[in-house]
Amino acid sequence: MKDKITGQNEETTEKYKEGLTKTRSSFSGKLNEIMSRYRKVDEDFFDDVEEVLIGADVGFETVMELVDELKKEVKLRNISDPKQVEEVIVEKLVAIYQGDSDAEAGLNMQENALTVILFVGVNGVGKTTTIGKLAHQFKSEGKKVVLAAGDTFRAGAIDQLEVWSERAGVDIIKHAEGGDPAAVVFDAVQSAKAKQADVLLCDTAGRLQNKVNLMNELEKVKRVITREIPDAPHEVLLVLDATTGQNALVQAKQFKEATDVSGIVLTKLDGTAKGGIVIAIRNELQIPVKFVGLGEKIDDLEPFDATDYVYGLFADLIDQESK
């Protein structure tokens, strides 16, 4: 079973295992308790499984679909032992997430041209930190990176991004606090072009007077980018805090309505017992999770991998079965 589930990179697989410890100990622990308590697979058994999945923030709609699929599979395979159901849950979770998402899992990077990535999300989710960590990753790959300090409204946001630019060893374009974000991004595009940069990472505001103002501001920034580079931005990444659970799903719905979100960055996955939110976002919004934060270190932002993620949720069971 381990060969089917785990990814290719052992170091990354271990990061997922470690980063999902809180979710696994809660989620898998409760599932194991159900498997041990029941002697047969019946309606009460499925009710309890449903409750555990909802508790892990897998999402109500997703849980209903998953439990229906489990019931069909159990009937099809004539499963009577509850312990065998756990393996079916693992398979179904991988299937739900992966689907046809392989092609959209990576970033839309431009060959021999500037790639522009716009970051959106409310304040406090780790947007600036995510930009800094990605800048570090791109720089480590030998790419020339420019940062645009487009969050001119939050006190300290520009300074925070500047610290990250120094840490990652990349250029930053900034204006004074309270300035026009679109003007900052315009200057950053011109600078990135002049420097023949590979990647431009654009920070944006997470809060204005109201939601309409914020979304209008994001649309204005996007228009400026598209005017200068017609096929840009190449990615609009929505940064969400995994510890907020269902609230992250609500934010994702709001941003999806207002802007063309192409992917999710889910931060602080290591800090929550509700890591099932990854499945809910994918299944209910059809937006791929492209990166997950699995720790505090600069290299703890990992490209999302569905098989490693599900392994992280069920590592104890999978390791036990592979022995």
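In the predicted model, helix α8 comprises 12 residues, 157-168. A rise of 1.5 Å a residue gives an expected span of 16 Å, and the end C-alpha atoms lie 17 Å apart, which agrees. The buried residues of this helix are A157, I158, L161, W164, S165 and A168. Because they cover an arc of only 120° around the axis, these residues fall on the same side of α8. An α-helix has 3.6 residues a turn, so residues three or four places apart point the same way.

The buried residues of α8 pack against three elements: α7 (127-140), β2 (145-148) and β3 (171-173). On the face turned away from this buried side, α8 carries the exposed residues D159, V163, E166 and R167. Just after the helix, G169 adopts a positive phi of about 75°.

A second packing arrangement involves helices α4 (residues 43-55) and α5 (residues 60-77). Two packed helices are described by the angle between their axes and the distance between the axes. For α4 and α5, the axes come within 10 Å and cross at roughly 145°, and the crossing is right-handed. The α4 side of the contact consists of E43, F46, V49, E50, L53 and I54, which meet F60, V63, M64, L66, V67, L70, K71 and V74 of α5. By residue class, the contact of α4 with α5 comprises 11 nonpolar and 3 charged residues, with no polar ones.

Note on methods
Residues numbered from 1 in each chain as written. Predicted model: local features only at pLDDT ≥ 70, side-chain atom pairs only at ≥ 80, totals over all residues. Heavy atoms only, no water. Axes fitted to C-alpha atoms, helices over the stretch in contact; angles between N-to-C directions. Helix = DSSP H or I, 4+ residues; strand = E, 2+ residues; numbered from the N terminus. Left-handed = near helix turned anticlockwise from the far one by under 90°. Contact = heavy atoms within 4.5 Å. Nonpolar A, V, L, I, M, F, W, Y, C, P; charged D, E, K, R; others polar. Expected span 1.5 Å × (residues − 1). Buried < 20%, exposed > 50% of the residue type's maximum accessible area, 1.4 Å probe, protein only. Arc of directions from axis to C-beta.
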